[in-house]
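Here's a quick tour of one model, with the charged pairs up front and the nonpolar parts after that. Have a look at the sequence and the fold before reading on.

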Amino acid sequence: MNALLVTERALRDRGRGLTGWALGIAAYVALMTSFYPSVHGSEFQRAIANYPKELKAFFGGAQSFDFSTGAGYLNVELFSLVVPALLVIVAIGYGASTLAGEQEAGTLDLLLSCPLTRRRVVCEKAVGLVSTIFVLSLVTAIAILLTGAFVGLGVSADRVLIACMGTALIATLCGLVGMLAGALTMSRAAAIGAATVLFAASYLVVGLAGLVSWLRPLRVISPLYHATGTQPLRHGLPVANYLILLGLCALAFVATMIVFEHRNLRR
C-alpha cells in the first residue's frame with residue numbers, strides 16, 4: 001500500500017475544514033495585528049497601568065500588558081491565549097475524531113480490514129494531525145509578518161516563527177492526548193473532554209502561579225507555560241521548554257500506539 005495513504009485520505013476529508021480554519025485564523029490575526037499602530041503610544045497603555053495588580057498577575061504580570069512594543073502587543077492580544085486556543089480547538093477535534101470518532105461512526109473496522117498494522121494507522125493519523133497544526137501555525141506566522149510589515153510592528157520573522165512553533169507544540173500535544181483518550185475509551189466525547197481539561201488546567205496553573213507565590217514553581221507542570229510562558233517573542237527560542245513539549249508529544253504518541261495495538265474493538 002502506498003506510503004501515507006491514510007494521512008492523505010484524512011487530509012483530503014478535512015480539506016474544506018482546514019481551508020476554512022486557515023482563512024479564519026489568518027483574517028483574525030491580520031486584523032488584530034493591524035490595530036497595533038492605534039494602540040502603540042496611546043492613552044490605552046497608561047490606562048492599563050491602573051489595572052489591579054492581581055488581574056495583571058493572573059494574566060502573566062505587568063510585562064504581559066506591555067503595548068509599547070510589537071512583541072508585547074502580540075503576546076497580549078494573540079499568543080497569551082487566543083492563538084494557542086484556536087489551534088488547540090482544531091487539534092482536539094482532529095484527535096477525538098481519529099480512532100474514537102471513527103469507531104463510533106463504524107469506519108474504523110473498514111480501515112483495519114486493509115493490509116495495515118494498527119501502529120501504522122496511529123502513525124499516519126498522527127502525521128495528519130501534525131501536518132494540520134503546523135500548516136495553521138505557518139498561516140498564522142505569515143499573516144502576522146505580512147500585516148506587521150505594513151504597520152511597523154517591529155518584530156523579527158524568527159521570533160514570530162518561534163512563537164508560532166510553541167503554539168503548534170501545545171496544540172499537537174492536546175491533539176495527541178485526545179487520540180490517546182480516544183484509544184483508551186473509544187468515546188469521542190471522552191477524548192474531547194480529556195484534551196480540553198489538559199489545556200484548561202494548563203492555563204489555570206499559569207494564571208494561579210502569578211497570583212500565589214508558592215504556586216509559582218508549579219508552572220513547570222503546565223504545557224502552556226512551556227509553549228508561551230517564557231515569552232519567546234521577547235526572549236527567543238526556549239530550547240529546554242520546547243524539548244519538554246516534544247518529549248510529552250512523543251510520550252502521548254507512543255502510549256497511543258501501545259494502547260490501540262492491544263485494544264479490543266468489539267462493540
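Does Arg120 count as buried, partly exposed or exposed, and at what relative accessibility? Arg120 counts as partly exposed, because its relative accessibility is 23%; the cut-offs are under 20% for buried, over 50% for exposed and in between for partly exposed, with a 1.4 Å probe and protein chains only.

Some housekeeping: this is a predicted model, where local features need pLDDT of at least 70, side-chain atom pairs count only at pLDDT 80 or more, and totals for chains, interfaces and linings use all residues. Residues are numbered from 1 along each chain as its sequence is written, and side-chain values use heavy atoms, leaving out hydrogens and water.

Searching the whole structure turns up 3 salt bridges, meaning a side-chain nitrogen of Lys or Arg within 4 Å of a carboxyl oxygen of Asp or Glu. Here they are:

| Acid | Base | N to O |
|---|---|---|
| Glu102 | Lys125 | 2.5 Å |
| Glu124 | Arg120 | 2.6 Å |
| Glu261 | Arg119 | 2.9 Å |

The Glu261–Arg119 pair links distant parts of the chain, with Glu261 in helix α14 and Arg119 in helix α9, 142 residues apart. Helices here are DSSP runs (H or I, at least four residues), numbered from the N terminus. Glu261 is partly exposed at 34%, and Arg119 is partly exposed at 43%. Glu102 and Lys125 are both buried. Arg120 and Glu124 sit 4 residues apart in helix α9, so about one helical turn separates them; Glu124 is buried at 3%.

Now the nonpolar side. The largest nonpolar core has 66 residues, and among those touching the most other members are Leu74, Phe79 and Leu233. Such a core is a set of buried Ala, Val, Leu, Ile, Met, Phe, Trp, Tyr and Cys residues joined through side-chain atoms within 4.5 Å. Leu233's contacts (heavy atoms within 4.5 Å) include Ala71, Leu74, Phe79 and Val160, leaving aside residues up to four places away in sequence.

On the surface, Val130, Phe134, Met165, Leu237, Val239, Leu243 and Leu246 make up a nonpolar patch with about 590 Å² of accessible area together. Patch members have over 30% relative accessible area and no salt bridge, with nonpolar side chains joined within 5 Å; areas are Shrake-Rupley with a 1.4 Å probe. Helix α14 gives the largest share, 3 residues. Val130 lies in helix α9 and is partly exposed at 33%.

How values were computed
Patch = residues over 30% accessible without salt bridge, like charges linked within 9 Å, V, L, I, M, F, W, Y side chains within 5 Å. Helix = DSSP H or I, 4+ residues; strand = E, 2+ residues; numbered from the N terminus.
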